[in-house]
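Got the viewer open? Let's walk through this model together, one selection at a time.

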Amino acid sequence: LGQGILVHQNGRILAANKSFCSILGYPEELTSPHRHVDGIAEFELSQSSSTQKRKLALQLMQLRRITGQNFTAEWKMPNGRIVDVQCSFDGEFAVETYTDVTEIRDRESLIAATMATVAQGLLIHDREEILASNPRLGAMLDIPPSLYAPGKSWKDLVRYRGERGDYQDSERHLQDIYLAFGTGNPLSMESRVSNRTLLTECRVSRGVMFTTYTDVTEARIRERKLRATERKVRKLVEVDGLTDLANRHTLDQELSWRLDTHINGIGANELVVLSLNLDRFKNLNDNHGLATGDAVLKELGTRLKRLVRKVDVIARIGSDEFTLVTELDAKSDAADLANRLLRVTRDPVQVGGLELRINASIGIAFASQELNTTDKVMAAADMALQQAKSEGLGLVRHFNAIKAEQTRKKQSLEQDLIFALEREQLLLHYQVQRDLKTQVDVGYEALMRWEHPDRGPISPAEFIPISEETGMIVEFGRWALCQASSDFASFDESTRIAVNVSPIQFMKSDLVMDVRQALDVSGLSPERLEIEITEQLLIEDTDKTLNVLKKLRDMGLSIALDDFGSGYSSLAYLTQFPFTKLKIDRCFIDRMLKDKRSSSLVSSILALASSLGMRVTAEGVESSEQLTMLVQGGCDEVQGYHIGRPLPLDRVAKK
Ligand code: C2E
Ligand code: MG
Ligand code: MG
């Protein structure tokens, strides 16, 4: 036994074990049977190492042995070791045990010291009472030591804090702890002590609850600040600073998220994007200043936000561009919604004493199998918006896939057309014109061709209108004049070359100068150059047109009125302008044989032209029957596939 044991009867030793002597440092003879226990005390008192305190302890023990009273003590031995003493009497018998508890006490004091130094408050309790705690706990919870001393009831501590208002519901807190005892699950909660925040964490082990209290006040403040900063940053990233509406980034995200759920069949029937753009907002900015413009945008933002539902996304994605993403039960509801948006936009806006009226246009697009990405739906809504804008102010238009495809094609052609000239994709073909009386080929018409690198030859009927819209026709026309002139300068002196001139080119450039330059550079004589104009030009600016045409006539050029009969065909033009030739549109030649009205129209044009002293060319002659009829009618010249197709220069026979 590691424990020292001493048994005696009426003061006489009955037995003692070896440990008794070794723990207390006595020689074994002292414990020989029948010796009196007093001998032990006497031996120790005679030792010089014995202290006053030790002597008192031994005397107290002697007294207890004589009176036969139980007693317990803890001795600190001169060698520094701590011995737990238990002495119990049973009539004349006494059993004494001596246990060396030095290590246990060391550990305990180490634990106590540790508990005292940690920054956390510690509380250890079983189901009833507090087993241990540290002083830090008192300071942290601001409670008197009597509440947390070992042996006290921890429930009293909880109730005390409950009354003070540390918890919202202290009974609930107690129940939570009981529950944790039952389940063994850890528990964690926060409570307040005055202005500090404490994190309480409880862990149960073998029926004992270990609770730590950590002051997280600073951490929580830091977290709150961080969250506030995060919110601010998020706002910067997600929100349009001026109107507080969503910005483009957020719109993209929200729309893509909604598209995902919509494609999976979640939500209402229709997911719709409405693009709203203010009409002539630039004018407002220019006239009243940017600050006024900003105030208007802000006000409109508020109105739009008020109109839409909370679940909708309303964003400002450009200076005066707003986008609404919403869900509808039926497609037919969209126009109604758009009109409501327009109404709130149109309500007068008051800014610094001004009353401003704003109008807007709206484009609508629905998500679909084809329009299934953010980019596609947004582009569709935008196209619809452009459509609305092109038709007027304050209009609402739906996306139209067919029109969009045409627009897209046209736009891509437009892009390619920009480089057509410098990349030498434009060329001229020449179609022969024959004099019917002499049967001689008297001239050629230059017809422009575009050899597209991917799409092959593109008809002038398609690309000339585009180049007119963009203004590129000016360059193209100038080029055609120069190219045709130089191609034909070396031809037979009597061969004429006809070049088409667009009304746009006519109005936008100095045609007289362009012609002069073409003649100068090529050396072609002006009598051999003919320009073809259309009736469209004659109604544009009569004075300017007349003036230019006269100058060209004076220079010696011929002037042909192209496609005669297909447009306004005002007879007044014929007397007013100095034409040398009329070209009968090929649609009449085409119908001439089948349709009496067309043939009589051709006859009247021929008669009219001859009375006015103009020559006539019939365009689009495709058969010998047509040719015969024209010969009989007295037509001067013919042009058409029957005589010759438009050909590149090297295939046009030089005479
Ligand atoms: P246009 O000036 O009336 O030219 C005659 C058009 O009729 C040409 O079409 C020609 O190829 C076509 N044609 C000639 N004979 C026949 C025939 O027997 N049957 C049929 N079905 N068609 C025939 P193209 O070359 O496609 O040119 C179309 C139009 O594009 C021209 O009509 C002209 O308005 C314009 N264009 C062509 N080149 C130029 C140019 O250099 N400048 C300008 N401004 N316009 C041009
Ligand atoms: Mg022509
Ligand atoms: Mg023509």
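**Stop one: the metal site**

Select the magnesium ion (ligand 3): along the sequence, its donor residues follow the spacing D-D-x55-E. (Donors are N, O and S atoms within 2.8 Å of the metal, or 3.2 Å for Na, K and Ca; water is not among the atoms, so sites may look incomplete.) A word on what you're seeing: this is a predicted model, where local features need pLDDT of at least 70 and side-chain atom pairs count only at pLDDT 80 or more, while totals for chains, interfaces and linings use all residues. Residues are numbered from 1 along each chain as its sequence is written, chains are lettered from A and ligands numbered from 1 in the order in which they are written, and side-chain values use heavy atoms, leaving out hydrogens and water.

Now show the side chains of Asp-562 (OD), Asp-563 (OD) and Glu-619, which is listed twice through OE; these protein donors lie 2.1 to 2.5 Å from the ion. Asp-562 sits in strand 23 (residues 558-564) and Glu-619 in the loop between strand 25 (615-618) and helix 25 (624-633), so the pair ties together parts 57 residues apart in sequence. (Helices, H or I with at least four residues, and strands, E with at least two, are DSSP runs numbered from the N terminus.)

Add the magnesium ion (ligand 2): the two ions are 3.9 Å apart, and Asp-562 coordinates both. Is Asp-562 buried or exposed? Buried, at 6% relative accessibility, and Glu-619 is buried too, at 10%. (Buried means under 20% relative accessible area, exposed over 50%, partly exposed in between, with a 1.4 Å probe and protein chains only.)

**Stop two: along the loop**

Stay in the loop between strand 25 and helix 25 and pick Ser-623. Ser-623 counts as buried at 17% relative accessibility. Leaving aside residues up to four places away in sequence, Ser-623 touches Leu-593 and His-642. (Contact means heavy atoms within 4.5 Å.)

**Stop three: helix 21**

Next, select residues 542-555, which are helix 21. Its buried residues are Thr-545, Leu-546, Val-548, Leu-549, Leu-552 and Met-555. What covers them includes helix 18 (503-508), helix 19 (511-522) and strand 23. Just after helix 21 comes Gly-556, with a positive phi near 110°.

How values were computed
The expected span of a helix is 1.5 Å times one less than its number of residues.
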